[in-house]
Amino acid sequence: MKAILGIGRLLALHLVDPTTGRTTTRKTPGTWLGWDTTTRQFLLCKPKGRSRAPLPSRVVRAHRRFHAHDPASGGRLVEVPTPIGRRQQIALIKALDYFVPKQVISPDKNPFGWTHAFGDTGHKGGTYTAKVMPALVRDSRGNLFIKRRKGNIFTVDTWLRG
């Protein structure tokens, strides 16, 4: 089992069709946004209860950095599907909306909703090219994944960057 940083409950993905430029919003009920500290990759997760096992130190450090607080003892169990079969890019992710609920102690982030635009590196700005947008990919079972593309830079410290 892999330990990951829980960012918060994912509310929606703002998508762009790379061929037409058309934008849509896809709601994501029951999905959490996670961060794999070893591969520096965002994960779409489904909560499956609580764990009593201690979290690895790298996840505890990432939690402290992002949420500005120690994680609760143990952690949440989540299901992160493994891609099965053929994977198809269905859109680019322009931005995502997430919410840090009260059960995740995060003094600066809860109970607020956040929008993260890909390409945002903490500087003032607002229009980001498709090059900085990761892909939303679907496998043959319909599972969704965020796939880093060439030119994508992801960092999670006190907030999401990239």
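## Core, rings and charges in a predicted model

Phe118 is buried, with a relative accessible area of 1%. The model is predicted. Phe118 lies in the loop between S7 and strand S8 (135–138).

### The rings

The structure has four aromatic pairs. One of them joins Phe42 and Phe118. A pair of aromatic rings is described by the distance of the centres and the angle of the planes. For Phe42 and Phe118 the centres are 6.1 Å apart and the planes stand at 75°. The pair is edge-to-face. Phe42 sits in strand S4, and 76 residues separate it from Phe118. The pair therefore links distant parts of the chain. Phe42 is buried too, with a relative accessible area of 1%. Ring pairs also build a cluster, made up of Trp35, Phe42, Phe118 and Phe154.

### The nonpolar core

Phe42 has a second role to note here. It is among the residues with the most contacts inside the largest nonpolar core, alongside Ile7, Leu33, Leu96, Val156 and Leu160. This core has 28 residues. Two or more of them come from each of strand S1 (5–16), strand S3 (32–36), strand S4 (41–51), helix H1 (57–67), S6 and strand S9 (144–147). S1 gives the largest share, five residues.

Leu96 shows what such a core residue touches. Residues up to four places away in sequence are not counted. On that basis, Leu96 touches Leu10, Ala12, Leu13 and His14, among others. Its list also includes Leu33, Trp114, Thr115, His116, Phe118 and Leu160.

There is a second, separate core of five residues. Leu92, Met133, Ala135 and Val137 are included in it.

### A buried acid

Asp97 is found in strand S6 (residues 88–99). Asp97 is buried, yet it has no salt bridge. Which side chain of opposite charge is nearest to Asp97? That is Lys27, 6.0 Å away. A salt bridge needs the nitrogen and the carboxyl oxygen within 4 Å, so Lys27 at 6.0 Å does not make one with Asp97. Asp97 does have a polar partner: its side chain makes a polar contact with the side chain of His14 (2.9 Å). Leaving aside neighbours within four places in sequence, Asp97 is in contact with Arg9, Leu10, Leu11, Ala12, His14, Trp114 and Thr115.

### Salt bridges

How many salt bridges does the structure hold? The count is two, as listed here.

| Salt bridge | N to O distance |
|---|---|
| Lys48 and Glu79 | 3.4 Å |
| Asp70 and Arg64 | 2.4 Å |

The Lys48 and Glu79 pair links distant parts of the chain. Lys48 is in strand S4, Glu79 is in strand S5 (residues 75–79), and they are 31 residues apart. Glu79 is partly exposed, at 39% relative accessibility. In the other bridge, Asp70 is partly exposed at 39% relative accessibility. Its partner Arg64 is partly exposed as well, with a relative accessible area of 43%.

### Around the end of H1

Asp70 also appears among the contacts of His63. His63 is in helix H1. Is His63 buried or exposed? His63 is buried, because its relative accessible area is 11% and the limit is under 20%. Not counting neighbours within four places in sequence, His63 is in contact with Leu5, Ala68, His69, Asp70, Pro71, Val104 and Ile105.

Ala68, one of those contacts, lies in the loop between H1 and S5. Ala68 is not a glycine, yet its phi is positive, about 60°. Ala68 is partly exposed, at 43% relative accessibility.

### Other backbone points

Arg40 also has a positive phi, near 55°, in a residue other than glycine. Arg40 lies in the loop between S3 and S4. It is partly exposed, with a relative accessible area of 40%.

The peptide bond from Asn110 to Pro111 is cis, with omega near 0°. Pro111 is found in the loop between S6 and S7.

### Ala117 in strand S7

Ala117 is in strand S7 (residues 113–117). It is partly exposed, with a relative accessible area of 22%. Leaving aside neighbours within four places in sequence, Ala117 is in contact with Lys94, Ala95 and Tyr128. Ala117 and Leu160 are 43 residues apart in sequence. In space they are 9.1 Å apart, C-alpha to C-alpha.

Methods. Residues are numbered from 1 along each chain as its sequence is written. This is a predicted model: local features need pLDDT of at least 70, side-chain atom pairs count only at pLDDT 80 or more; totals for chains, interfaces and linings use all residues. Side-chain values use heavy atoms; hydrogens and water are left out. Helices (H or I, at least four residues) and strands (E, at least two) are DSSP runs, numbered from the N terminus. Buried means under 20% relative accessible area, exposed over 50%, partly exposed in between (1.4 Å probe, protein chains only). Lys and Arg count as positive and Asp and Glu as negative; His and the chain ends are not counted. A polar contact is a pair of N or O atoms within 3.5 Å; within protein, one must be able to donate a hydrogen and the other to accept it, and residues adjacent in sequence count only if both atoms are side-chain atoms. Contact means heavy atoms within 4.5 Å. A nonpolar core is a set of buried Ala, Val, Leu, Ile, Met, Phe, Trp, Tyr and Cys residues joined through side-chain atoms within 4.5 Å. Rings of Phe, Tyr and Trp (its six-membered ring) pair if their centres lie within 6.5 Å; planes under 30 degrees apart count as stacked, over 60 as edge-to-face and the rest as tilted.
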